[in-house]
Amino acid sequence: MLKLCSCNVTDQVQASVQCRFPGSPGPFAFRRRAPVSVSFSPPSRLGLTPVQAVVSTQKTEVAEVVKSGSGSLADRLRLGSLAEDGLSYKEKYIVRCYEVGINKTATIETLANLLQEVGSNHAQSVGFSTDGFATTPTMRKLHLIWVTARMHIEIYKYPAWSDVVEIETWCQSEGRIGTRRDWILKDAATGELIGRATGKWVMMNHDTRRLQKVSDEVREELLVHFPQEPRLAFPEKDNRSLKKILKLEDPAEYSRLALTPRRADLDMNHHVNYVTYIGWVLESMPQEIIDTHELASITLDYRRECLQDDVVDSLTSTEPTDGAETVSELNRTNGSAVVKQDDADCPMFLHLLRVSCDGQEINRGRTEWRKKPAR
């Protein structure tokens, strides 16, 4: 999702990196599964709310699966399907009460988890492996895996409890050693664009922990599932997903020290899940910003993996404003508008996650905030 020039991958991915590839981009020589499609009449015609319509559809699907005795129940109940051309995937999700935070809306961690979920479901729908690495047959033969290099998420409007979110995702090539995944988030009831995201993964040898170029054989396994022409969630020139993250220097203005991974923070590959990093970054945000603002965008560069026994420091400082942009132009093609920004209302911060004992850099981040809307 990001241009290679936006981050130094060699510097970013050292001995090893975050080894979770949420919704890998590229299938393999597996037989393609038939698209799972779910349709239902507009809720207004049935006198139902969007949530009631979803629940009604789920009940119907359960009955059909039980009656037929065939097919995967999860596939039948999942409100998602491949596009007709097979190059993107859409899925609807209901925001649960336990996914809502202090602002009475879904948290950024909730939305990041949904991005991970829809990406993984996309991977499975085109025949990806289910071992957590989403690798092609050639990659598995050569012990190659995908590692996360960068994530960028922008949220324009946070959904509330019981809102239904529709997420579309697709993958494509990104340089000689990478792939990218893009996401578009919409309010399923109105079609309003509420967010966009993009991420970048690079290929690494699992045994040597060294980066590896995408071979022609692997590329052929992937390209059949990539759009013919580049399709970007952030097509604007000089958009925020391309912005280089400056290194935060000590002493930091704010800090939260000695954070430790919980068992629940580990993914199926025994690495700290990338969503946990988001929570750690926010732990060192000043409380006065948390009380009066909401997160507008977050960018994370992953530089080394984090394991269960690591102890982590979270550092935050205000980003220098010299040369900072005051206007963010969002492409109207994606349904967004031009947003005027004031430094006081839209503060920006730099973040650093590091190993407590030796100061090794784990993650470098950047966030932008806006005043909370009146509710």
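Colleague: Which residue of β13 stands opposite H351?

Modeller: That's G365. Before we go on: this is a predicted model, so local features are given only at pLDDT of at least 70 and side-chain atom pairs only at pLDDT 80 or more, while totals for chains, interfaces and linings use all residues. Residues are numbered from 1 along each chain as its sequence is written, and side-chain values use heavy atoms, with hydrogens and water left out.

Colleague: How do I read strand pairing, and over how many bridges do β12 and β13 pair?

Modeller: In general, strands of a sheet pair through backbone hydrogen bonds, either parallel or antiparallel. Here, two strands pair if DSSP finds at least two bridges between them. Strand β12 (residues 348-355) and β13 (361-371) pair in the antiparallel sense over seven bridges. Their hairpin has five residues between the strands, and one of them, G359, takes a positive phi near 80°. β12 also pairs with β9, again antiparallel and over seven bridges, and there T318 stands opposite F349.

Colleague: What is the strand order of the sheet?

Modeller: It's an open sheet of eleven strands with antiparallel pairing, in the order β1-β2-β4-β5-β6-β3-β8-β13-β12-β9-β7. The edge strands are β1 (80-82) and β7 (254-259), each pairing on one side only. Ignoring direction, neighbouring strands are turned by 20° against each other on average; the axes behind such angles are lines fitted to C-alpha atoms, for helices over the stretch in contact, and angles run from 0 to 180 degrees between N-to-C directions. Helix α8 (274-283) packs on the sheet and touches β3, β7, β8 (293-302), β9, β12 and β13. The direction of α8 makes about 125° with that of β8. Out at the β1 edge, β1 and β2 (89-94) pair in the antiparallel sense over three bridges, with G80 bridged to E91.

Colleague: How many helices and strands does the protein have?

Modeller: Nine helices and 13 strands. They are DSSP runs numbered from the N terminus: helices are H or I of at least four residues, strands E of at least two.

Colleague: Now burial. How many of the residues of β12 are buried?

Modeller: Start with the cut-offs: buried means under 20% relative accessible area, exposed over 50%, partly exposed in between (1.4 Å probe, protein chains only). In β12, eight of its eight residues are buried. M348, L350, L352 and R354 point one way, F349, H351, L353 and V355 the other way, and all are buried. Over the whole protein, buried residues make up 53% of the 375. The accessible surface comes to about 17,600 Å² (Shrake-Rupley method, 1.4 Å probe; for residues, only the protein chains shown count as cover). Carbon and sulfur atoms own 50% of that surface.

Colleague: Is E319 buried or exposed?

Modeller: E319 has 6% relative accessibility, so it counts as buried. E319 is in the loop between β9 (312-318) and β10 (327-329). Its side chain makes a polar contact of 2.9 Å with the side chain of R366. A polar contact is a pair of N or O atoms within 3.5 Å; within protein, one must be able to donate a hydrogen and the other to accept it, and residues adjacent in sequence count only if both atoms are side-chain atoms. Setting aside neighbours within four places in sequence, E319 is in contact (heavy atoms within 4.5 Å) with K243, M348, F349, L350 and R366.

Colleague: And a helix? Which residues of α7 are buried?

Modeller: In α7 (216-223) they are V218, E221 and L222. Seen down the axis of α7, these fall within an arc of 95°, so they line one face of the helix; the arc is that of the directions from the helix axis to the C-beta atoms. They pack against α6 (137-141), β3 (144-155), β5 (178-187) and β6 (193-205). On the other side of α7, D216 and E220 are exposed.

Colleague: Last one: backbone oddities. Which residues does a cis peptide bond join?

Modeller: Most residues other than glycine have a negative phi, and most peptide bonds are trans. Here a cis bond joins D250 and P251, with omega about -5°, and P251 is in the loop between α7 and β7. K104, not a glycine, has a positive phi of about 65°. K104 lies in the loop between β2 and α5 (108-125) and is exposed, with a relative accessible area of 66%. R209, in the loop between β6 and α7, has a positive phi near 60°.
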